[in-house]
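Pockets and ligand shells are a good place to start when reading a model. Let's work through one together, question by question.

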Amino acid sequence: MPDLSGKHGLIVGVANKRSISWAIAEAAAAAGARLAVTYQGERLEENVRALSATLEAALVLPLDVTNDQQIADVAAAIDREFGGLDFVLHGAAFAPKPELDNPFVETSREGFRVALEVSAYSLIALTRAVAPLMERRGGGSVVTLTYLGSQRVITNYNVMGVAKAALEATVRYLAGGLGASNIRVNAVSAGPVKTLAAMGIKDFSSVRQVYGERTPLRRNVELAEIADAALFLLGPQSRAITGEILFVDAGFHIVAF
Ligand code: NAP
């Protein structure tokens with residue numbers, strides 16, 4: 001496990017204890033980092049506060065990634081409390097339900113806009129807001145979460161696949177632009193895990209069943225395995241890696257049939 005003691009991190013995208021972002025928060029805290037954890041709206045506040053109470057002196061802040069004022073407020077609160085920032089885990093994604101239920105060709109203009117704004121543009125807005133805090137630390141690491149549906153057609157993933165393609169391109173452009181400040185930007189492409197967001201995708205359990213049968217490792221991945229890979233990218237052991245999409249999917253992406 002990397003040593004993150006003395007480091008400060010921002011974790012976005014915790015809905016509950018099954019969230020991938022929460023698994024990464026727990027792993028980062030266990031490695032010694034002090035964290036700011038955000039929640040999206042009052043509905044999730046109680047959950048996120050209760051989970052964060054199990055961490056050492058975590059800062060808990062509201063953040064809807066479509067709200068520029070809240071993004072600025074999060075950066076300001078981190079500046080006040082931590083005086084800088086070493087890493088960000090971006091795990092926010094959303095597509096309106098009809099876009100995941102209807103045939104892809106029915107994707108609405110508004111559904112497309114919302115999915116891409118929340119799931120891809122937010123990485124740009126968030127990174128821009130915290131980049132000065134990272135520069136003050138001599139650099140930093142930004143990690144987001146993506147899925148193979150960016151490259152391949154996964155039934156019912158629909159506009160989320162388009163959003164993930166935009167997110168992965170965003171990772172590369174941010175990495176290209178911020179490398180001179182020693183800010184690295186990478187993504188973990190995770191195999192399917194049962195989370196709130198995943199349960200919104202029709203027939204999601206059959207996707208997991210296919211993975212269990214067809215991955216080279218003949219199994220699905222666990223939250224802790226995704227968290228370990230994310231920690232590698234967030235910490236100093238990956239200091240020469242940027243613009244990378246790291247698959248943590250038991251090898252599913254290499255298999256044709
Ligand atoms: P999750 O627990 O439901 O987390 C998704 C989070 O995004 C939730 O906390 C959600 O809040 C938040 N979010 C949505 N809209 C937001 C907004 N406007 N502002 C701030 N936060 C917002 O599901 P998860 O599976 O762990 O998802 C985390 C990331 O992993 C996502 O990017 C997802 O696409 C990616 N991923 C998941 C899988 C999988 O199989 N689960 C595989 C590969 C990649 P609400 O609950 O309020 O919407």
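The dialogue below looks at the pockets and then at the ligand.

Q: Before we start, what kind of model is this?

A: It is a predicted model. Please keep that in mind as we go.

Q: How do I find empty space, and what volume does the largest pocket have?

A: Rolling a probe the size of a water molecule over the atoms shows where empty space is left. Here the largest pocket has a volume of about 1,200 Å³. Its lining is made of 49 residues, and the closest to its centre are Gly91, Ala92, Ala93, Phe94 and Ala197.

Q: How does the lining of the largest pocket divide by class?

A: There are 30 nonpolar residues in that lining, along with 15 polar and 4 charged ones.

Q: And what about the second largest pocket, how much space lies in it?

A: The second largest pocket holds about 340 Å³. Of its 18 lining residues, Val153, Ile154, Thr155, Val210 and Phe252 are the closest to the centre. By class, this lining has 11 nonpolar, 3 polar and 4 charged residues.

Q: Now the ligand. In which pocket does the ligand sit?

A: Look in the largest pocket: that is where the ligand sits. Around the ligand are 29 residues, and those that come nearest are Ser19, Arg43, Lys164, Val193 and Thr195. The shell around the ligand consists of 19 nonpolar, 7 polar and 3 charged residues.

Q: Which helices and strands each supply at least two residues of that shell?

A: Three elements do so: helix H2 (42–52), strand E5 (140–146) and helix H7 (196–199). H7 gives the largest share, with 3 residues.

Q: Which polar contacts could I check in the viewer, starting with arginine 43?

A: Try these distances to oxygen atoms of the ligand.
- In the side chain of arginine 43, an N or O atom is 2.6 Å from a ligand oxygen.
- Threonine 195 places a polar side-chain atom 2.5 Å from an oxygen of the ligand.
- For alanine 93 the partner is a backbone N or O atom, which lies 3.4 Å from a ligand oxygen.

Q: How much of the ligand's area does the protein bury?

A: Compare the ligand taken alone with the ligand in its place. Alone, the ligand exposes 870 Å², and the protein buries 93% of that.

Notes
Residues numbered from 1 in each chain as written. Predicted model: local features only at pLDDT ≥ 70, side-chain atom pairs only at ≥ 80, totals over all residues. Heavy atoms only, no water. 1 Å grid on protein atoms, 1.4 Å probe; cavity = no way out; pocket = protein on both sides within 12 Å on 5 of 7 lines; lining within 4 Å. Points joined across faces, edges and corners; volume = space filled by probe spheres on them. Nonpolar A, V, L, I, M, F, W, Y, C, P; charged D, E, K, R; others polar. Near = heavy atom within 4 Å. Polar contact = N/O pair within 3.5 Å; in protein donor to acceptor, adjacent residues only side chain to side chain. Areas by Shrake-Rupley, 256 points an atom, 1.4 Å probe, with all protein chains shown as cover. Sits in = over half its atoms within 2 Å of the grid points. Helix = DSSP H or I, 4+ residues; strand = E, 2+ residues; numbered from the N terminus.
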